Amino acid sequence: MTLIQEKSQNITLKRLRALEDISNECSNLITTDLSTITNKVLKPFCELTGADYGIVLLLSKPNNQIYLNATYGLPDDFIDIFNNKLNFKIDSDVTFASWPSIRSMKRKQIILVKDTNQINVGFSKHFSNTISPNTIKAVVSVPIIINNEAVGAVTKYFIHPHEFNDEEISFVKTTTNIFTSTIERNQLIELANNREQELREANNILKTVNQELDSFVYISSHDLREPLRTIESFISIIQEKCKLKLSDEETDFLNRIIKATHRMRKLIEDLTNLSRASRNITQSETLDLNKLFNEIIFELTAFIEKKNAEISIDNHFPLVIGHKEKFLSVLKNLITNGIKFNKSKRPVIKITNIPEVENDKICVCIEDNGIGIEKEYQDKIFGLFQRLHTEDEFEGTGAGLAIVKKILEKYNCKIWLNSSPNSGSRFYVTLPKAE
Amino acid sequence: MGTILLIEDKSDDALLTKIALKELDINADLIVKKTGAEAISYIRSNISSGNPLPKIIILDINLPIMNGIEILEKFKASNYTKAIPIIVFTSSDLISDISYCYKLGAKLFLKKPNNINDFRNAIKKIQEVCLT
C-alpha cells in the first residue's frame, strides 16, 4: 500500500467516524435550537474536508430573510454583525446570485468551485471585510432542501485550490442530508409543540366556557322557577275560585295551562339537575353498590309494584368511590328507564357485575326486557331533551340519560348499550373502583 | 295575634301570603318590607317609639343587597329581636342554606309552594310553630 493510499484510507475512516458522530449528535438532539446542532456539526465537517471557513446559512420564512446559523474559522462576532446589522433578504439588492450559498439555494444544486480564478465568486461585504476575498481559492455549497424548497445552505471555503473527489462530495452530501433531516425533524417537533400548545389553550378555553355554561344553566334554571311559581300559585287560586263557574271548555283550557306549567317545572328541574351533575364531584366516599341498589329499590317501591316489575341484583359488587347522590342518580335513572320503557306484562331488570373491563373501574350491566332501541337512535338518547316517543306513550322530558352521561364523564367513566327493538336493552356503565 | 313582619321583595309572594292569611282567618297585621334595611329601620322606629315589635318575622333569602341570611344573623344578634321567631320562607332548597339557617336560630325553614293550597298549609304551619 502506498503512502498516499494509506493516507486516503485514513481520511475515509475519519470521515466515516465523523459521519457516525454527526448522525449520533443529531439523533440525540431534541431541541428546537438549530444553532446548537449546526455548530456541533460544522466543525468536524470542515476539518475533515480541509476547509478553512464554513457557514450555515438559513432562510427564515415568511420574510425571506437570510441569516447565519453557524460559522467555522470566522471571528466570534461575525454571526452577530451579519444577522443583526446587515439584514439580508434573499432577493434584495445587496444579495447577489454570485454568492455561492445563494446560488446553490436558488438552483437547489450543489455548487463546486475548484478554482476561483476560473469562475467568478461573489462575497458579502461583511465577508470581504473579514477575510480578504482573494485568499479564497475554492468553494463548495450544498443546499438544504426540505419539501423541494431550499431553506438554507452549507458552504465551505478553501484558501487553496481544491480537488473534490467523489468520496469527499459524497461526504459533504451525506453530512448535509443529516443536517437536512435534523432541521426537518426539529421543524416537525416545533410544529407538534405549537399544535400541542394550541390544543392546550383551546382546551382551556373550552373548559372555561363549559364552566360558564354550567353556572349559566344553574343560575337561569333557578331564576326561571320564580316566575313559574307565581304563575302556578295564581292559577291555583283561579282554579279554586272559579271551579263551579267555568264551562267545560274553559276548564279544559285551564287544565292545559296547568299541565304546561307542570311540564315547564319538570324541564327546569332537569336543567338544574344537569347543571348540578358536574358540581361537587370532589366530595367522594367509598360506596357499597348493593346498598345503593337497595336504597333505589326502596325509593321506587310504588313504581315497581305498579308496573309489576321484578329486579334481580348480583350479590357482590366491588366497592366504588364517588359522590353518593350522583351515583344514586345514575343507577336510579337506568333502572327506572328499564321499567318505564317496557311493555312486558312483567318487566324484568337484571343488574350484574361485569368483571375486568377496565383496570381502575368496575362495570355494571343493567339489562331489561323492554322495548329496545334501534341502532340508529342509540347515540341520540344521550342528548339533552331528546325523546324517541311521544309524551302520551312514555312521559318524561328526555333529560335523564344526558344527566347520567354528564355525571359519568366527570368521573372519566363511560356508558354504552347493546339493544335492538323488541329484545330489550343492556346498558353498561363503568364506575371508579375503590382502592 | 299582633303583627307579622314579612321581608319579601316580590309583591306576588307578599300578595299570596296576604291571601292565605285572610283565607285562614288569621287576624294579624301584615307589614311587608322589601329590603333588610327597610325592615331594620322599621324595627328601630318601633323600639324608639315604644310600639310593640312583630310577633313573627317571615324572611325570604333571595333579597337584593342584604340577603335573608345576613338579616337573620343581625336579628339573632340583637337583644331586641333575638326572641322573635323567624321563619325562613324561600324558593331555595339548598341543603347548605337550610342547615345554616337553623344553625343561626331560625324557627322554621319552609320552601315556597307552587299553589294556594300549599301556601295556606305553609302559613298554618308557621302559626302552629310560633304559637306553641
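A polar contact is taken here as a pair of N or O atoms within 3.5 Å, of which, within protein, one must be able to donate a hydrogen and the other to accept it. In the predicted model described here, such a contact links A:Lys361 to A:Asn412: the side chain of A:Lys361 reaches the backbone oxygen of A:Asn412 at 3.4 Å. A:Lys361 belongs to strand β11 of chain A, which comprises residues 361–368. With a relative accessibility of 9%, A:Lys361 falls under the 20% limit and therefore counts as buried. Beyond the residues up to four places away in sequence, the contacts of A:Lys361 comprise A:Tyr411, A:Asn412 and A:Cys413, together with A:Thr430, A:Leu431, A:Pro432 and A:Lys433.

The partner in this contact, A:Asn412, is located in the loop that joins α11 (400–410) to β12 (415–419) of chain A. Most residues other than glycine have a negative phi. A:Asn412, although not a glycine, takes a positive phi of about 55°. Its relative accessibility is 62%, so A:Asn412 is classed as exposed. A comparable description applies to a loop of chain B. B:Asp25, likewise not a glycine, has a positive phi of about 60° and is situated between α1 (11–23) and β2 of chain B. B:Asp25 is exposed, its relative accessible area being 69%.

Two further positions in chain A were examined. A:Ala309 is part of the loop between α9 (301–306) and β8 (310–313), and its relative accessible area of 12% places it among buried residues. Leaving out residues up to four places away in sequence, A:Ala309 touches A:Ile304, A:Ile339, A:Arg346 and A:Pro347. The C-alpha atoms of A:Ala309 and A:Lys345 are 8.4 Å apart, with a sequence separation of 36 residues. A:Thr272, in helix α7 of chain A, is buried with a relative accessible area of 4%. Apart from neighbours within four places in sequence, A:Thr272 is in contact with A:Tyr218 and A:Ser221.

Chain B contains five helices and five strands. Read from the N terminus, these elements follow the order β-α-β-α-β-α-β-α-β-α. Of the 132 residues in chain B, 48% are buried. Among contacts in this chain between residues at least 6 apart in sequence, 65% join residues at least 24 apart.

Within chain B, helix α2 was considered in detail. This helix has 14 residues (36–49), which at 1.5 Å a residue should span 20 Å; the end C-alpha atoms lie 20 Å apart, in agreement with that expectation. The buried residues of α2(B) are B:Gly36, B:Ala39, B:Ile40, B:Tyr42, B:Ile43 and B:Asn46. These residues cover an arc of only 160° around the axis and therefore lie on the same side of α2(B). Elements covering the buried residues of α2(B) include β1 (2–7), β2 (28–33) and α3 (68–77) of chain B. On the face turned away from the buried side, α2(B) carries the exposed residues B:Ala37, B:Arg44 and B:Ser48. Just after the helix, B:Gly50 adopts a positive phi of about 80°.

The interface between the two chains was then analysed. The size of an interface is often given as the accessible area lost when the parts come together. For chain A and chain B, the buried area is about 1400 Å², with carbon and sulfur atoms giving 47% of it. The contacts involve 15 residues of chain A and 19 residues of chain B. Two salt bridges are found across the interface of chain A and chain B. A salt bridge joins the side chains of A:Arg229 and B:Asp13, with an N to O distance of 2.8 Å. Six residue pairs across the interface are in polar contact, both residues of each pair being at pLDDT 80 or more. On the side of chain A that touches chain B, α6 (166–242) and α7 (248–277) each supply at least two residues. The largest share of that side, 13 residues, is contributed by α6(A).

How values were computed
Residues numbered from 1 in each chain as written. Chains lettered and ligands numbered in written order. Predicted model: local features only at pLDDT ≥ 70, side-chain atom pairs only at ≥ 80, totals over all residues. Heavy atoms only, no water. Helix = DSSP H or I, 4+ residues; strand = E, 2+ residues; numbered from the N terminus. Expected span 1.5 Å × (residues − 1). Buried < 20%, exposed > 50% of the residue type's maximum accessible area, 1.4 Å probe, protein only. Arc of directions from axis to C-beta. Contact = heavy atoms within 4.5 Å. Buried area = accessible area lost by both parts, 1.4 Å probe. Salt bridge = Lys/Arg side-chain N within 4 Å of Asp/Glu carboxyl O.
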